[in-house]
Amino acid sequence: VEEQNQTASRHFCEREAKGLVGAVDGKIRSGEISQFDTLMHEWQTVKRQYLTRAKGPVKQEVLLDVLVEKLSESFLTLWNSMKVTLDKQTADLRRKVMEAQGQAQAHQEAKNQSQSMSQDHFADQKKQWTTRVMQLDTQLDDARRELEDVKYKASQEIAKKSDTERVLREEIKAMQERLARAGSSGASRGAGGPVPAGQIDSLRDAAYAAI
C-alpha cells in the first residue's frame, strides 16, 4: 500500500510540476520574462503553487528532482534568448554607427571640396586683382614719363622762344638807333646811310617766327 501511495503521489506531483514548469517556459519563449530577477520571482511563485497543490509522500522529492533541474534549464534558456537579442541589438548598433560614420565622412568630404573650390576661386580672384594692379601701375608710370617729356619739351620751347625774343629785341633796338641817327642827318646820305631793305625783311621774318 505504501508503495502504491508513493507511486500515485509521484505521478500526481510530477504532473503538477510539469504543468507549472511548462507555463514558465512559455513565458520565456514569448518574451514575457526577459530578466533574471523576473524569472527568479516566477520560480518562487511556482514553488509556492507546487507546495500548495502537490500531495503525498514524494512531494519534496519531486520538488528537488524536477523543479530544481528545470530551474537551471530555464535560466540557461533565458540567457540564450537574451544573448540572441543582445547580438541583434549589437549588430544594429554597429550598422547605425557605420552609417553615421559614412554620413560624417561624406559631409566632411563635401565640406573639404567646398573649401577647396572657395580657395581656388579666391586664388583666381587674387591673381586677377594682382594683374590689374600691375597694369594700372604700368599705365601710371607711362603717364608720368609722358608728362615729364611734355614738361621738358615745353621748357625747351619756352627757352627757345625766349632766346628768339631777346635776339629780336636787340635787333629792334639796333634798328631804332640807326633810324634815329639817320633822322638826325636829314636827307643827306651821310655815313650812316638808309637801312637796307634786306635787313628790314630779316627783322620782319624773325618777328613772325617768334610769334
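**A four-helix chain, Ser9 and a pocket**

From the N terminus on, the elements of this chain run α-α-α-α, which gives 4 helices and 0 strands, where helices (H or I, at least four residues) and strands (E, at least two) are DSSP runs numbered from the N terminus. Please keep in mind that this is a predicted model, in which local features need pLDDT of at least 70 and side-chain atom pairs count only at pLDDT 80 or more, while totals for chains, interfaces and linings use all residues. Residues are numbered from 1 along each chain as its sequence is written, and side-chain values use heavy atoms, with hydrogens and water left out.

Of the 211 residues of the chain, 12% count as buried, meaning under 20% relative accessible area with a 1.4 Å probe, protein chains only.

Let me turn to one residue, Ser9, which is found in helix α1 (residues 2-30). Ser9 counts as buried because its relative accessibility is 4%. Leaving aside residues up to four places away in sequence, Ser9 touches Lys55, Gly56, Pro57, Val58 and Lys59, a contact being heavy atoms within 4.5 Å. The side chain of Ser9 also reaches the backbone oxygen of Lys55, at 2.7 Å.

Finally, which helix gives the largest share of the lining of the second largest pocket? That share, 8 residues, comes from helix α3 (residues 59-184). A pocket here is an open set of points on a 1 Å grid over the protein atoms alone, where a 1.4 Å probe fits, with protein on both sides within 12 Å along at least five of seven lines, and lining residues have an atom within 4 Å of a point.

Notes
Buried means under 20% relative accessible area, exposed over 50%, partly exposed in between (1.4 Å probe, protein chains only). A polar contact is a pair of N or O atoms within 3.5 Å; within protein, one must be able to donate a hydrogen and the other to accept it, and residues adjacent in sequence count only if both atoms are side-chain atoms.
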